[in-house]
Structures are given as structure tokens and as C-alpha cells.
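Student: I should like a close look at one part of this protein, set against the chain as a whole. Please treat it in one connected account.

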Amino acid sequence: DQQRVARQLANLTAYLGIAPDVEAALETLSQAPFGKLATVIERHLTLALQEVLQQPITLKVERDFKRGAATMRFHILRDGQEEDIMRGQGGSVANILSVGLRIFALAQLDTKVHRRFLILDEQDCWLAPDLVPRLVKIIHEAAKALNFQVIFISHHATACFAPYAAKMLRLSPTARGIEVEDVTPRASHPD
């Protein structure tokens, strides 16, 4: 019995000995598609940031693979200097990235199981009013290209949305409850 248990222990030790090599191989195999995804996210969201904010910034995605899980860390580069996405822009960079990542996630869902529908609640809250139409335009173009619907909730003026909205409603609190008013422009956008 002692020899049998010793052989089993030796086999288990040998088996466990290859675990680091197996983990490294799995990490290498997953890096290729993960790296491609990170590159796509960097490219497209850099364009969105530059178009909305009108600033020469670049999104950088640092990717890693630890303990079987993929991770990403986002920051922007401005004049070659790393900048935290949560600082320096008053939250506008984080808002734009959040919208972009939601659109990427939605585009990956199986349309047979999931309806392509996105609700954005005040995703423009940190944007200056003159920048809101730029974000709305990008969202509209993505929704049209990917064939999904968007409900966009905002406190900004309805004029920011008029060129892109199929339907616009204004909700106002009153003593009787919430008043809902259809403010869709007469020459509503055909899309």
C-alpha cells in the first residue's frame, strides 16, 4: 500500500508540476483575441472621445490576464502624459467611455436571445451643453449601424436631440404627478 500511495503521490506531483505551463499556454492563447478586442476598443473609443470633446487625446487600454480572468485598465494620453479617466475632465471621458463600452457589449449579444435595446440615463451629465449633440450623433449612428433602439434620458435641452430622435417626451413634475408632453419636432428624423 505504501508503494501504491507513493506512486499516486508522484503522479499527482508531476500532474501539478505542469499547471504553471498549462496556465501560461492558456494565457498566451487568450491574449490574441483579447488583444484584438482591446485594439478595437482603443481605436473606436479614441475617435469618439476626440469627436465629442474636440481634444487631441488617445484612449489606452492596458490588458492583463491573471488567474484565468481578463482585465482591462483604461486611461487617456494627452501630450504623451497619462491621465486618469476619472480626473481632469469632470467625468466627461468616463461618460463617453461608458456609452461606448455598453454599445460594444450590446453588439456582442445574440439577437435571438437578447433584444438590441439600450437605456442611457443621463450619460451626458458631465458634458457641456455644446458637446451633447456630438455624443448624441455618435450614439445615433452606432444605433443605426448596429440596429438597436436607444432611450436617452437627459436634463439637457431638447434641441440637442431633435436632429436624431424619432420621439421626444418631456416629463415635468406637477402637483398632480408627472406630466408627459410629446415634444417631438414636426419634421421628425426619419430614422
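Student: To begin with the chain, what share of the contacts with a separation of 6 or more comes from residues 24 or more positions apart? Please then examine helix 4 closely, with the core to which it gives residues.

Tutor: The model is a predicted one. Residues 24 or more positions apart account for 52% of the chain's contacts with a separation of 6 or more. The chain holds 4 helices and 7 strands, arranged from the N terminus as α-α-β-β-β-α-β-α-β-β-β. Of its 191 residues, 29% are buried.

Helix 4 has 15 residues, which should span 21 Å at 1.5 Å a residue; the end C-alpha atoms lie 21 Å apart, so the two values agree. Its buried residues are Val-132, Leu-135, Val-136, Ile-138, Ile-139, His-140, Ala-142 and Ala-143. As a general point, an α-helix has 3.6 residues a turn, so residues three or four places apart point the same way. Just after the helix, Asn-147 adopts a positive phi of about 60 degrees.

The largest nonpolar core contains 36 residues, and those touching the most other members are Leu-49, Val-52, Leu-53, Leu-59, Val-93, Ile-96 and Leu-127. Helix 4 (132-146) gives two or more residues to this core, as do helix 2 (19-53), strand 1 (57-66), helix 3 (92-108) and strand 4 (117-121). Val-52 shows how these parts meet: beyond its neighbours within four places in sequence, Val-52 contacts Ile-96, Leu-127, Leu-131, Arg-134, Leu-135 and Ile-138. Among these partners, Leu-135 and Ile-138 are buried residues of helix 4.

Key
Residues numbered from 1 in each chain as written. Predicted model: local features only at pLDDT ≥ 70, side-chain atom pairs only at ≥ 80, totals over all residues. Heavy atoms only, no water. Core = buried A, V, L, I, M, F, W, Y, C linked by side-chain atoms within 4.5 Å. Buried < 20%, exposed > 50% of the residue type's maximum accessible area, 1.4 Å probe, protein only. Contact = heavy atoms within 4.5 Å. Expected span 1.5 Å × (residues − 1).
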